[in-house]
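Here's a friendly walk through the model on display. Take a look at it first, then read on.

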Amino acid sequence: MIGALSTKQQFLLSKFLNALNEEWDIAGIEAALGRAREMAPGPELACAAIRAAVTVGNRTPAVIALPGPHWRAAPVTVRMPNVRSGERCTTCSHPKAMCRALYDDADHRFMSVAEARRRMLDDESQRVVTDGIRESMRARQSTRFETPVEES
Ligand SMILES: [Zn+2]
């Protein structure tokens, strides 16, 4: 399990929460985070504290260490940045640089959606040509050509 916030993380989070809600002073936020420290792993506490800080009506940071709706994660719809098909990975949908950073060819090699589409079309046209050749060979086999008999 991921551990509780470190003292440094708690301080930096306090500064961030103060930036989100300037009515909450840093010392008060730090104290509240300290009281809430054992309530949840660090990342969950941080998310709950952020939600508490931006909720209208939460006048003091003391609310962080109390039960309430800020402990429930809201469903989120993630919007991917609009990436052109030549720059988007056909496997993971990430832009090229992010695909390489995340997977480094270990899980999969980057192939753009445009490239995959082009290859699929190539395979498709290859298949059409191959089928066409097979078809004409079949037609030729079913046609009997009689060898002309030479008259003597
Ligand atoms: Zn990828």
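## G132, out in the open

G132 counts as exposed because it has 10 C-beta neighbours inside 10 Å. The cut-offs go like this: a residue is buried with 20 or more other C-beta atoms within 10 Å of its own, exposed with 12 or fewer, and partly exposed in between, with C-beta atoms placed from the backbone. You'll find G132 in helix 5, which covers residues 113–142. Its C-alpha atom and that of A53 are separated by 68 Å, and the two residues are 79 apart along the chain.

A quick word on what you're looking at: this is a predicted model, where local features need pLDDT of at least 70 and side-chain atom pairs count only at pLDDT 80 or more, while totals for chains, interfaces and linings use all residues. Residues are numbered from 1 along each chain as its sequence is written. Helices (H or I, at least four residues) are DSSP runs, numbered from the N terminus.

## Helix 1 and its two sides

Helix 1 runs over residues 7–20, so count 14 residues. From its first C-alpha to its last it reaches 20 Å, close to the 20 Å expected at 1.5 Å a residue (the expected span is 1.5 Å times one less than the number of residues).

Which residues of helix 1 are buried? They are Q10, L13, S14 and L17. These cover an arc of only 110 degrees around the axis, which puts them on the same side of helix 1; the arc is that of the directions from the helix axis to the C-beta atoms. Turn to the face pointing away from that buried side and you meet the exposed residues K8, K15 and A19. The cover over the buried residues includes helix 2 (26–36) and helix 3 (42–54).

## Helix 1 meets helix 3

Two packed helices are described by the angle between their axes and the distance between the axes. For helix 1 and helix 3, the angle is about 20 degrees and the axes are 9 Å apart. That makes helix 1 roughly parallel to helix 3. Axes here are lines fitted to C-alpha atoms, for helices over the stretch in contact, and angles run from 0 to 180 degrees between N-to-C directions. Angles under 35 degrees count as roughly parallel, over 145 as roughly antiparallel, 65 to 115 as roughly perpendicular and the rest as oblique.

The crossing of helix 1 and helix 3 is right-handed, meaning the near helix is turned clockwise from the far one by less than a right angle (anticlockwise would be left-handed). On the helix 1 side, Q9, L13, L17 and L20 do the meeting. Their partners in helix 3 are G42, A46, A49, I50, A53 and V54. Contact here means that the C-beta atoms of two residues, placed from the backbone, lie within 7 Å.

## Helix 1 meets helix 2

How do helix 1 and helix 2 cross? Their axes come within 9 Å, at roughly 125 degrees, and the two helices are therefore oblique to each other. This crossing, too, is right-handed. Helix 1 brings Q10, F11, L13, S14, K15, L17 and N18 to the contact, and helix 2 brings I26, I29, E30, L33 and G34.

Helix 2 has buried residues of its own: I29, A32, L33 and A36. They cover an arc of only 100 degrees around the axis, which puts them on the same side of helix 2. What do these buried residues pack against? Helix 1 and helix 3.

One residue of helix 2 to pick out is I26. With 15 C-beta neighbours inside 10 Å, I26 counts as partly exposed. Leaving aside residues up to four places away in sequence, I26 touches S14, K15 and N18. The C-alpha atoms of I26 and F16 are separated by 8.9 Å, with the two residues 10 apart along the chain.

## C47 and the loop after helix 3

C47 sits in helix 3. C47 is partly exposed, with 15 other C-beta atoms within 10 Å. C47 and H70 are 23 residues apart in sequence, and 8.2 Å apart in space, C-alpha to C-alpha.

Now for the loop between helix 3 and helix 4 (96–103), where S93 lies. The phi of S93 is near 70 degrees, a positive value in a residue other than glycine. S93 counts as exposed, with 12 C-beta neighbours inside 10 Å. T77 lies in the loop between helix 3 and helix 4 as well. With 4 C-beta neighbours inside 10 Å, T77 counts as exposed. T77 and K15 are 62 residues apart in sequence and 27 Å apart in space, C-alpha to C-alpha.
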